[in-house]
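Welcome! Let's work through a few short exercises together. Take a look at the model first.

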Amino acid sequence: MLSAYRVEQIRAAEESAARVHGWDGLMQAAAAALADVVALRVPSDATTLVLVGPGNNGGDALFAAARLSDRGHRVDIALLDHAKAHEAGLAAARHAGARFVEAPSDQRYVVDGLFGIGARPGLEGRAAQWADWVRDERPYVIAVDTPSGIGVDDGTVPGTAVDADVTVTFGGAKPGLLIGRGALASGELVVCGVGIAEHLSDPACEALELGDGARFAHLVPGPESHKYSRGVVGIEAGSPEYAGAAHLCVAGAQAGTAGMVRFVGQRELCDRVVDRAPEVVAGRGHVQAWVVGPGGIDDPEPVRAALDDDVPVLLDATALTHLPPRLRPDVLLTPHAGELARMLEVERVEVEADPWPHARTAARRWDATVLLKGPRTLVVAPDGRTMVNTSGTSWLATAGAGDVLAGFAGSLLSSGLDTLSAGALAALLHGAAAERAALAGPFPAHHIAELLPSVLGDFLVPTVAR
Ligand SMILES: NC(=O)C1=CN([C@@H]2O[C@H](COP(=O)(O)OP(=O)(O)OC[C@H]3O[C@@H](n4cnc5c(N)ncnc54)[C@H](O)[C@@H]3O)[C@@H](O)[C@H]2O)[C@@H](O)CC1
Ligand SMILES: [K+]
């Protein structure tokens with residue numbers, strides 16, 4: 001599990017840790033970790049340009065530059081403001097023999113030490129020019145703690161920001177490195193402990209990882225299990241116009257942990273679904289979770305019927321247009337940005353620019369868990385607990401991918417996972433399956449459903465003795 005902390009949490013933990021290790025101890029730990037990553041990523045005959053801002057972020061970068069110079073790396077340093085650069089760091093870099101330059105030129109490797117957690121989002125002046133140079137010249141960029149210019153607490157990027165290939169972040173991840181456009185600017189994340197971990201309060205948000213299977217070991221059936229104990233998921237999806245959504249949602253559900261899939265819908269659609277997936281039982285009956293809406297008909301009745309059953313309910317697509325004013329925490333809503341914008345009566349671009357507060361607002365307003373689909377899918381519980389998904393590929397922007405996700409998440413719900421965990425695990429494995437599919441290039445959504453069982457198996461099995 002990857003945990004992310006807001007700036008004020010990091011600051012408070014730093015204060016406590018500094019009483020033990022000293023401020024210089026923290027900075028040296030950060031600089032050492034950063035220098036190690038740079039030494040691993042940059043070829044020994046290349047020159048690294050270190051961009052240095054006015055605060056401690058620049059201090060980290062300067063001490064790392066000194067360490068790299070000492071190890072024989074060629075380092076160019078560009079200071080944003082000579083007068084404000086970290087004094088001791090500057091002296092160390094000078095002493096180690098780093099070269100000082102006025103501005104970026106032809107360097108192919110860059111360390112972004114302009115701004116870290118002390119920054120206001122958006123860059124101006126020379127910092128913005130240097131970020132533009134990075135965008136145009138596309139060097140390999142290693143960001144120090146955060147890419148400069150992003151909103152560290154929320155992932156917004158209101159103006160220019162540095163685009164990094166990898167971000168070496170200290171003490172713990174930050175929400176802005178995981179969410180929204182900030183996440184896209186961060187690239188790969190390397191979290192380095194600097195001795196503040198034991199001083200941190202509860203994370204602001206978390207990301208499940210593929211190594212977290214042990215938390216879900218109870219999903220693996222045991223010798224006493226039977227199809228009903230594994231869970232029955234009921235699906236009401238598809239329509240004459242979108243029959244494929246029914247197939248894809250069922251395929252997603254069958255790829256999950258449920259022991260049985262029920263399908264409810266018009267007679268002809270039921271027949272078609274059972275023709276393709278003979279294990280499916282058609283017609284209403286007892287279920288442990290409902291999935292309603294993918295490609296569905298524009299009718300409030302299926303939503304009402306599912307909510308009347310006292311089991312977890314996933315509402316997707318057309319079902320989201322028939323929400324009662326208040327739901328309950330075991331309901332999982334799965335909108336994309338456009339659907340959430342309609343639900344909240346705001347513009348889609350507003351949701352895309354700052355997704356987290358919009359997902360939180362919807363979760364609070366409906367008292368339901370909200371899974372907001374996007375490049376970084378968010379799952380937010382009514383009490384604000386948030387899981388961010390970091391798996392996936394842009395090829396996942398393909399018709400039907402959401403139908404598979406809904407079925408798969410519903411399957412996990414029927415096996416007893418709570419809405420937050422089911423949403424987070426479904427998004428993680430759905431993204432991982434898509435990454436696997438993308439190894440062969442673009443793929444149709446049904447490939448995700450085909451790969452999900454093996455991705456789920458790989459996730460669970462290494463942690464479980466069979
Ligand atoms: N988290 C940790 O435990 C540690 C953090 N350290 C480093 O310290 C950094 C924080 O240092 P600081 O608090 O000095 O903050 P920063 O170095 O992020 O920047 C603060 C400075 O930038 C100016 N500034 C902020 N936003 C600006 C903008 N948009 N345009 C122009 N100027 C702007 C401020 O006035 C201030 O002078 C962290 O990001 C990290 O790199 C390490 O040194 C030690 C360990
Ligand atoms: K930075």
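**Exercise 1.** Which helix gives the largest share of the shell around ligand 1?

*Solution.* Start with what you are viewing: this is a predicted model, where local features need pLDDT of at least 70 and side-chain atom pairs count only at pLDDT 80 or more, while totals for chains, interfaces and linings use all residues. Residues are numbered from 1 along each chain as its sequence is written, and chains are lettered from A and ligands numbered from 1 in the order in which they are written.

Next, find the shell: 28 residues surround ligand 1, each with its C-beta atom, placed from the backbone, within 6 Å of the ligand. Gly 55, Asn 56 and Gly 116 are among the closest. Helix 1 (7-21), helix 2 (23-41) and helix 3 (56-70) each supply at least two shell residues; a helix here is a DSSP run of H or I with at least four residues. Helix 3 provides the largest share, five residues.

**Exercise 2.** Is Val 380 buried or exposed?

*Solution.* First, locate Val 380 in strand 17 (residues 378-380), a strand being a DSSP run of E with at least two residues. Then count: Val 380 is buried because 29 C-beta neighbours lie inside 10 Å (buried means 20 or more other C-beta atoms within 10 Å, exposed 12 or fewer, partly exposed in between, with C-beta atoms placed from the backbone). Finally, look along the chain: the C-alpha atom of Val 380 is 9.3 Å from that of Ala 424, 44 residues apart in sequence.

**Exercise 3.** What ipTM does the predictor give the complex?

*Solution.* Read off the score: the ipTM is 0.95, alongside a pTM of 0.96.
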